[in-house]
Amino acid sequence: MTVLLEIEGLGISFGGLRAVNDVSFRVNPGEIVSVIGPNGAGKTTLFNMISGIYKPGAGRVRLMGEDVTGISPHLLARRGMSRTFQNLQIFQSMTVLENAVAGYHLQESGSVLADLLGLPASRRRAAAAREGARQLLERVDLARAAEMEAGSLSYGALKRLEIARALALNPKVLLLDEPAAGCNAVETEEIDHLIAEVAASGVAILLVEHDMKMVMRISRHIVVLDHGEKIAEGDPATVSRNPKVIEAYLGTQAEDAHAHG
Ligand SMILES: Nc1ncnc2c1ncn2[C@@H]1O[C@H](COP(=O)(O)OP(=O)(O)OP(=O)(O)O)[C@@H](O)[C@H]1O
């Protein structure tokens, strides 16, 4: 089977702090892999290295076998990796449809001048983007909200809109940064279904998520970080029984209790 995303020995330091050290794992087509770990474990930093926001100090990122280490996020998007952000990147005063259309801009190779002049090729591109965006909204169950202002959507719907926008690039690999953060149980379940459906279409999904129930429910494979190191990986049942994992989580609870008590 083709490995879609391969992380090998990834590491980075900030000043003297090793935020991530020697982390390796793979994500295959159709797989949902989650990265978990206590606060400050290095999850966001790892994500930022994979998605080209930080240049790794060590290690390689391979996308469909090609070395893409340190390539900028928009070039990665064109090569088949797209991501969502923990803090929503939705344009609140635009309509839901316009937000979905915005997802197509990264894909466009035509010139800005051609767009300004309204040349036939750019008009065709705009029409295709609108049509694609409508289909995406169907897929994330937001078709009926297409003409609404994005700012008026519920939080769960906004999260689905953000996933729709990432899907506009037709990614092979999708990185989701806390897709269920701030969502209630019903919204989380809707996002669960959407992620499972996207994975079933063959996309490799990597997610960082604090909602442990969701992680255990939907992940095929879990990578556990603590203090920047990979301390365990495996299927949900194996990982949740691992003494190192239990200790890492209980350890932070004890530190928190100490800090607050
Ligand atoms: N830009 C930065 N400069 C300096 N230190 C950083 C930077 N980004 C992260 N760190 C440090 O690196 C470590 C890992 O942080 P990171 O945010 O990746 O953890 P996390 O697992 O995502 O945490 P959380 O669950 O709280 O989001 C922490 O000690 C953090 O303080």
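**Close-up views of a predicted model**

**View 1. Helices α6 and α7 are roughly parallel to each other.** Angles under 35 degrees count as roughly parallel, over 145 as roughly antiparallel, 65 to 115 as roughly perpendicular and the rest as oblique. This is a predicted model, in which local features need pLDDT of at least 70 and side-chain atom pairs count only at pLDDT 80 or more, while totals for chains, interfaces and linings use all residues. Residues are numbered from 1 along each chain as its sequence is written. Helices (H or I, at least four residues) and strands (E, at least two) are DSSP runs, numbered from the N terminus. Helix α6 covers residues 155-167 and helix α7 residues 185-200; they pack at an angle of about 15 degrees, and their axes are 9 Å apart. Axes are lines fitted to C-alpha atoms, for helices over the stretch in contact, and angles run from 0 to 180 degrees between N-to-C directions. α6 passes α7 in a right-handed crossing (the near helix is turned clockwise from the far one by less than a right angle; anticlockwise would be left-handed). On the α6 side, the contact is made by Tyr155, Gly156, Lys159, Arg160, Ile163 and Leu167; α7 brings Glu187, Glu190, Ile191, Leu194 and Val198. Six residues of this contact are nonpolar, one is polar and four are charged. Contact requires C-beta atoms, placed from the backbone, within 7 Å. Ala, Val, Leu, Ile, Met, Phe, Trp, Tyr, Cys and Pro count as nonpolar, Asp, Glu, Lys and Arg as charged, and the others, Gly among them, as polar.

**View 2. The ligand is surrounded by Phe14, Leu17, Ala19, Gly37, Asn39, Gly40, Ala41, Gly42, Lys43, Thr44 and Thr45.** A residue is near a molecule if its C-beta atom, placed from the backbone, lies within 6 Å of it. The shell has four nonpolar residues, six polar and one charged. At least two residues come from each of β2 (17-27) and α1 (43-50), and α1 gives the largest share, three residues.

**View 3. Helix α1 is mostly covered, with seven of its eight residues buried.** A residue is buried if 20 or more other C-beta atoms lie within 10 Å of its own, exposed if 12 or fewer, and partly exposed in between, with C-beta atoms placed from the backbone. The buried residues of α1 are Lys43, Thr45, Leu46, Phe47, Asn48, Met49 and Ile50. Gly52, just after α1, has a positive phi of about 85 degrees.

**View 4. Val61 lies in strand β4 (residues 58-63).** Val61 is buried because 22 other C-beta atoms lie within 10 Å. Leaving out residues up to four places away in sequence, Val61 touches Ile7, Leu10, Ile50, Val68 and Thr69. From Val61 to Ser13, 48 residues away in sequence, the C-alpha to C-alpha distance is 17 Å.

**View 5. Asn170 sits in the loop between α6 and β7 (173-177).** Its phi is near 50 degrees, a positive value in a residue other than glycine. Asn170 is exposed, because 11 other C-beta atoms are within 10 Å.

**View 6. Arg220 is in the loop between α8 (212-218) and β9 (221-226).** Arg220 has 15 C-beta neighbours inside 10 Å and therefore counts as partly exposed. Not counting residues up to four places away in sequence, Arg220 touches Glu31, Ile32 and Val33.

Conventions. Contact = placed C-beta atoms within 7 Å.
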